[in-house]
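Work through the exercises below with the sequence and the model open side by side. Each task is followed by a solution in steps.

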Amino acid sequence: MDTPPRQSNRGLVTRLLLMAAGSFAFGFALVPLYNVFCEVTGIGTRESLSRATAAGDSVPDMSRTVVVEFTASVPDSGQWTFAPVVASMEVHPGRLYEARYNARNLADHDTTGQAVPSITPLRAAQYFRKTECFCFTPQRFKRDEQRDLLVRFIVDRGLPPGIDRLTLSYAFYDVTRLAGGQG
């Protein structure tokens, strides 16, 4: 015997609501999942950075120049402006450099943002070491606050010879709800 249409609709609505809630929860879990991914792969973790700087690999290779390009995006909303201060720089592998990104909270309330980095080409990611980065922790901003965010990095001397250009890209997400409220 067929179930009445009203009861059938309730089941469908319940499943759709559960699916929407699950998708919403997965969206908020992306930043912590990325951190777990970094820990598992060893890419961009504080431990790998400590090993790199302690290994004495800080003697620069002045015979080689690599161009590092900087890009930024704000994929989830128009609540932020976020951009690199300089578009690119020439670096020598083994030397410590710093770059800055500028972020501004456009929301009418305090908020928290989290930057998620990526390096391209992907095969070069293991040779790009961030010793200090605003992406390591969520960034709290007051309403209409603007500031520069620092990243210090070393391009490892072991970078394969065919790679002469890297791109450091950050996606900046609003994680206010995930961080426990406004700001």
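**Exercise 1. Which residue in strand 8 is the bridge partner of Lys130? Place the pair in its sheet.**

Step 1. Lys130 has Phe153 as its bridge partner in strand 8. Strands here are DSSP runs of E of at least two residues, helices are runs of H or I of at least four, and both are numbered from the N terminus. The model is a predicted one, in which local features need pLDDT of at least 70 and side-chain atom pairs count only at pLDDT 80 or more, while totals for chains, interfaces and linings use all residues. Residues are numbered from 1 along each chain as its sequence is written, and side-chain values use heavy atoms, with hydrogens and water left out.

Step 2. Strand 6 and strand 8 (residues 146-155) run antiparallel and are joined by five bridges. Two strands count as paired if DSSP finds at least two bridges between them. Phe128 is matched with Val155 in strand 8.

Step 3. Strand 8 is also joined to strand 4 (residues 96-105), by nine bridges in the antiparallel sense. There, Asn102 is opposite Asp148.

Step 4. The sheet is open, has four strands in the order 2-4-8-6, and its pairing is antiparallel. Strand 2 (80-84) and strand 6 (128-133) are the edge strands, each pairing on one side only. From one strand to the next the twist averages 25 degrees (axes are lines fitted to C-alpha atoms, for helices over the stretch in contact, and angles run from 0 to 180 degrees between N-to-C directions).

**Exercise 2. In what order do the strands of the five-stranded open sheet stand? Describe the pairing around strand 9.**

Step 1. The order is 3-1-9-5-7, and the pairing is mixed. Strand 3 and strand 7 (139-141) are at the edges with a single partner strand each, so one side of each has no neighbour in the sheet. The twist from one strand to the next averages 30 degrees.

Step 2. Strand 9 pairs with strand 1 (residues 66-73) in the parallel sense, over seven bridges. Thr71 is opposite Ser169 in strand 9.

Step 3. With strand 5 (residues 111-120), strand 9 pairs in the antiparallel sense over eight bridges. Pro117 is opposite Tyr170 in this pairing.

Step 4. Strand 9 (residues 165-174) is largely enclosed by the rest of the structure, because seven of its ten residues are buried. Buried means under 20% relative accessible area, exposed over 50%, and partly exposed in between (1.4 Å probe, protein chains only).

**Exercise 3. What does Ser88 contact beyond its neighbours within four places in sequence?**

Step 1. Ser88 belongs to strand 3 (residues 88-91) and is partly exposed, at 39% relative accessible area.

Step 2. Beyond those neighbours, Ser88 is in contact with Val67, Val68, Glu69 and Phe70, contact being heavy atoms within 4.5 Å.

Step 3. Strand 1 and strand 3 pair in the antiparallel sense over four bridges, and Glu69 is opposite Ser88.

Step 4. Ser88 and Arg165 are 77 residues apart in sequence, with 9.9 Å between their C-alpha atoms.

**Exercise 4. How many salt bridges does the rule give? Examine three of the pairs and one network.**

Step 1. The rule asks for a side-chain nitrogen of Lys or Arg within 4 Å of a carboxyl oxygen of Asp or Glu. The count is eight salt bridges.

Step 2. Glu69 and Arg165 form one of them, at 2.6 Å from N to O. Glu69 is in strand 1 and Arg165 in strand 9, so this pair ties together parts 96 residues apart in sequence. Glu69 is partly exposed at 26% relative accessibility, and Arg165 is partly exposed at 42%.

Step 3. Asp110 and Lys142 form a salt bridge at 3.9 Å, N to O. Asp110 is in the loop between strand 4 and strand 5, and Lys142 in the loop between strand 7 and strand 8, 32 residues apart. Asp110 is partly exposed at 26%, whereas Lys142 is exposed at 53%.

Step 4. Arg147 and Glu145 form a salt bridge with their closest N and O atoms 2.7 Å apart. Arg147 is partly exposed at 23%, as is Glu145 at 24%.

Step 5. Glu98, Arg100, Glu132 and Arg152 are linked in a salt-bridge network.
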